[in-house]
Amino acid sequence: MEIWKDVRGYEGVYQVSNLGNVRSLDRRAINHKSGTTRIVRGAVMNPWDNGNGYLVVTLQDKRKRKNCYVHRLVAEAFIDNPEYKPIVHHRDTNRRNNKASNLQWMTEAEHAAAHLKINQERKKQREQTRRQ
């Protein structure tokens with residue numbers, strides 16, 4: 001079941017889900033030149049790849065735009081971080097899998113150790129494949 005929560009700092013404007021989706025909400029937009037208002041319909045946003053495999057969305061607050069990593073938005077909304085660890089790690093190493101169940105907070109040392117272990121496992125798998 002998909003659960004939606006407000007994006008911190010963008011309450012009432014954007015929401016993020018536990019499945020890794022981001023959406024804008026219906027809102028009133030003011031034309032600053034004419035002073036008229038209109039209703040802007042909310043929609044699920046289409047994230048884009050930043051070139052390193054991470055999904056990014058652009059959030060706008062008044063006139064300022066900010067690119068945000070989807071995995072960080074999900075982690076900030078759904079995963080407790082009582083120790084204030086700075087890094088969001090993808091458990092399955094798939095940077096496009098931004099489900100809350102696939103993310104965890106880590107320190108830099110924990111993150112480095114996790115990637116070292118993953119790389120060692122991949123190396124063993126390659127060696128076993130070569131032997132066969």
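This is a walk through the predicted model of a single chain, from its overall build to a few individual residues.

Start with the inventory. The chain has two helices and ten strands. From the N terminus, the elements run β-β-β-β-β-β-β-β-α-β-β-α. The radius of gyration is 19 Å, well over the 14 Å that the globule rule gives for 132 residues, so the chain is more spread out than a compact globule. The box tells its own story. Taken along the principal axes, the C-alpha atoms fill roughly 70 × 35 × 30 Å.

Now the surface and the contacts. Of the 132 residues, 30% count as buried. The accessible surface comes to about 9,600 Å². Carbon and sulfur atoms account for 46% of that surface. Contacts between residues at least 6 apart in sequence can be sorted by span: 33% of them join residues at least 24 apart.

Turn next to the hairpin. Strand S4 covers residues 27-30, and strand S5 covers residues 37-40. The two pair in the antiparallel sense over four bridges. Arg27 stands opposite Val40 in S5. Six residues separate the two strands of this hairpin. Gly35 sits in the turn and has a positive phi of about 80°.

Further along the chain comes a sheet. Three strands form an open sheet in the order S6-S7-S8, with antiparallel pairing. Its edge strands are S6 (48-49) and S8 (64-69), each of which pairs on one side only. Strand S7 spans residues 55-61, and six bridges join S7 to S8. One bridge pair is Asp61 with Lys64 in S8.

A helix packs against these strands. Helix H1, residues 70-78, lies across S7 and S8. The helix runs at about 80° to S8.

The nonpolar core comes next. The largest one has 20 residues. Those with the most contacts inside this core are Val7, Val16, Val22, Val57, Leu59 and Leu73. Which elements give two or more residues to the core? They are strand S2 (14-17), S7, H1 and S10. H1 gives the most, with five residues.

Val7 shows how the core is knitted together in sequence terms. Leaving out residues up to four places away, Val7 touches Tyr14, Gln15, Val16, Leu59 and Leu73. Of these partners, Val16, Leu59 and Leu73 are also on the list of residues with the most contacts inside the core.

Stay with H1 for one more residue. His71 is found in this helix. Is His71 buried or exposed? His71 is buried, because its relative accessible area is 7% and the cut-off for burial is under 20%. Beyond residues up to four places away in sequence, His71 touches Tyr54, Val88, His90, Asn98 and Leu103. Val88 and His90 fall within strand S9 (87-90). Leu103 falls within strand S10 (103-106).

Past H1, the loops hold two residues with unusual backbone angles. Most residues other than glycine have a negative phi. Tyr84 has a positive phi, near 55°. Tyr84 lies in the loop between H1 and S9. With a relative accessible area of 72%, Tyr84 is exposed. Thr93 also has a positive phi, near 65°. Thr93 is in the loop between S9 and S10. Thr93 is partly exposed, with a relative accessible area of 27%.

The loop between S9 and S10 also holds Ala100. Ala100 is buried, because its relative accessible area is 17% and burial means under 20%. What does Ala100 contact beyond its neighbours within four places in sequence? The partners are Asn18, Val74, Phe78 and Ile79. Val74 and Phe78 fall within H1, residues 70-78. Pro47 gives a distance for reference. The C-alpha atoms of Ala100 and Pro47 are separated by 16 Å. Along the chain, these two residues are 53 residues apart.

Key. Residues are numbered from 1 along each chain as its sequence is written. This is a predicted model: local features need pLDDT of at least 70, side-chain atom pairs count only at pLDDT 80 or more; totals for chains, interfaces and linings use all residues. Side-chain values use heavy atoms; hydrogens and water are left out. Two strands pair if DSSP finds at least two bridges between them. Contact means heavy atoms within 4.5 Å. Axes are lines fitted to C-alpha atoms, for helices over the stretch in contact, and angles run from 0 to 180 degrees between N-to-C directions. The radius of gyration is taken over C-alpha atoms; the globule rule is 2.2 Å times the number of residues to the power 0.38. Buried means under 20% relative accessible area, exposed over 50%, partly exposed in between (1.4 Å probe, protein chains only). Accessible areas come from the Shrake-Rupley method with a 1.4 Å probe; for residues, only the protein chains shown count as cover. A nonpolar core is a set of buried Ala, Val, Leu, Ile, Met, Phe, Trp, Tyr and Cys residues joined through side-chain atoms within 4.5 Å.
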